[in-house]
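Okay everyone, thanks for coming. Let me put the structure up, and then we'll talk about its cysteines and a pair of helices.

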Amino acid sequence: MDLLLDAICVVDARGCFVYISGACERIFGYTPAELEGRAMMDLVHPDDREATLATARAVMQGRLTNHFENRYIRKDGSVVHILWSANWSEKDQLRVAVAHDISDRKHTEAMQAAVYAISEAAANAANLPALFRHIHQIIGGLLPASVFCIALHDGQANEISFPYCANRQGAEDPVPGSDTRALANAVIHSGQPIRLRAQDPASGRSNPLGITDRSLDWLAVPLTTSTGVQGALVIQNRHGAPSYSAKDQQLLHYISTQIATAIQRARMHAQLEFLSRYDPLTRLPNRSLLSDRIATALARARRDKGRVALLYLDLDKFKQVNDTHGHAVGDQLLQAVAARISGCIRESDTVSRIGGDEFVILLETLDQPLQAHAVANKIREAFHQPLQLDVLGLAIVPSIGIALYPDDGDAEQHLLERADRAMYQAKRDGGSAHDRALGQAPAELAGGQTEVDQEGRLR
């Protein structure tokens with residue numbers, strides 16, 4: 001029997017080995033002499049012990065068991081997958097079993113399943129954070145991890161970010177530890193995986209990366225696509241789990257390519273989605289997203305009998321800035337204008353750039369028209385101070401027109417046209433923002449006295 005590739009194991013009623021064949025050492029890493037008298041459950045993987053005990057009881061009740069799978073911890077700390085066939089001898093009060101090593105098959109199956117799961121996650125994830133969580137779940141089903149972190153590398157800026165990290169409690173942690181950062185940095189710049197096994201005080205092994213927590217294993221692999229290293233995946237073992245093996249590193253490294261490809265595709269999709277909804281220069285909502293938000297705001301206002309305002313804003317003499325200082329300065333100016341307007345409104349409101357130097361501000365849930373004029377006043381006052389750009393300071397004056405729902409229309413297009421006309425009237429009047437949208441006489445919004453009627457309209 002010692003010539004067989006499978007191990008023959010005989011276990012007594014207490015669950016201790018009384019005999020094991022010569023194949024034991026190849027499969028479990030222990031010699032037969034080292035295992036005789038030892039409890040079988042000492043070697044079983046902690047996560048498989050409950051199922052193993054239940055199967056052992058069934059065998060001892062006289063049920064012939066074939067094709068039962070579980071995992072054992074080898075002498076070197078690695079994991080071996082075993083396929084068992086077992087029978088109980090009532091006369092001898094012994095359990096006789098044949099152990100067949102199926103680790104290679106399980107390793108291949110795990111890689112195939114992980115690749116499929118990652119591909120499916122990439123197709124179904126709504127966004128990058130959702131994809132990161134799916135990847136965490138997939139890896140967590142393959143390897144124990146008390147720390148799980150994805151790092152991404154920006155080659156142009158040469159910066160490393162950590163969009164997803166989970167700590168020992170399983171909660172997302174926006175700030176990775178110094179060990180995680182050190183490993184991610186090393187893997188990204190070397191392009192090679194790193195496996196650090198738990199520090200044995202007697203071994204005196206060096207610690208070139210300066211890792212502070214060597215009580216557990218670490219695994220870090222590069223996330224590589226055809227364009228190069230995109231980032232890194234870093235995990236740390238959890239207490240009580242077997243040590244990471246070379247096969248664990250091989251598994252993680254193998255599926256890292258699929259992970260990198262999935263992340264790259266998700267990032268490209270997110271970028272395309274952003275470009276379809278936001279202005280790339282100012283990063284403000286564009287006309288398409290503004291239209292969606294106006295529709296939602298109007299529907300809410302109709303339901304709640306509320307008010308909505310649209311402010312149409314244009315920069316006076318913006319063309320002269322481009323002609324005099326160049327389009328690069330003009331772009332900087334638009335970015336500074338976007339930031340200054342955004343600082344004048346509530347988080348629930350929307351500032352959008354709909355083209356050129358034209359901006360539209362959506363103000364929701366207003367109690368009275370005067371609130372829209374107060375915002376317009378606030379915006380104009382914010383532009384009393386010059387905008388400081390990289391190369392110079394520029395004074396710019398906005399012209400603003402206002403349209404209100406339901407006073408000036410109940411449809412997006414009507415309100416935009418009304419606000420646009422009011423803005424051009426303000427521009428013709430010399431850059432001062434006037435209220436032409438309410439059908440009243442012009443009212444200076446940049447200072448001076450105004451009168452309000454009983455309905456809150458400016459006179």
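Some vocabulary to begin: a disulfide here is a pair of cysteine sulfur atoms within 2.5 Å. Keep in mind that this is a predicted model, where local features need pLDDT of at least 70, side-chain atom pairs count only at pLDDT 80 or more, and totals for chains, interfaces and linings use all residues. Residues are numbered from 1 along each chain as its sequence is written, and side-chain values use heavy atoms, with hydrogens and water left out.

So, how many disulfides does a search of the whole structure find? Just one. C149 and C165 make it, with sulfurs 2.1 Å apart. C149 sits in strand β6 (residues 147-154) and C165 in strand β7 (residues 159-166), so the bond ties together parts 16 residues apart in sequence. Strands are DSSP runs of E, at least two residues, and helices are runs of H or I, at least four, numbered from the N terminus.

What about C24? Its sulfur is 6.7 Å from the closest cysteine sulfur, in C9, and that's too far for a bond. C24 is also buried, at 0% relative accessible area; buried means under 20%, with a 1.4 Å probe and protein chains only.

Now the helices. The axes of α5 (residues 128-140) and α7 (residues 246-277) come within 10 Å and cross at roughly 165 degrees. Those axes are lines fitted to C-alpha atoms over the stretch in contact, with angles from 0 to 180 degrees between N-to-C directions. That makes α5 and α7 roughly antiparallel, the word for angles over 145 degrees.

Terms used
Buried means under 20% relative accessible area, exposed over 50%, partly exposed in between (1.4 Å probe, protein chains only). Angles under 35 degrees count as roughly parallel, over 145 as roughly antiparallel, 65 to 115 as roughly perpendicular and the rest as oblique.
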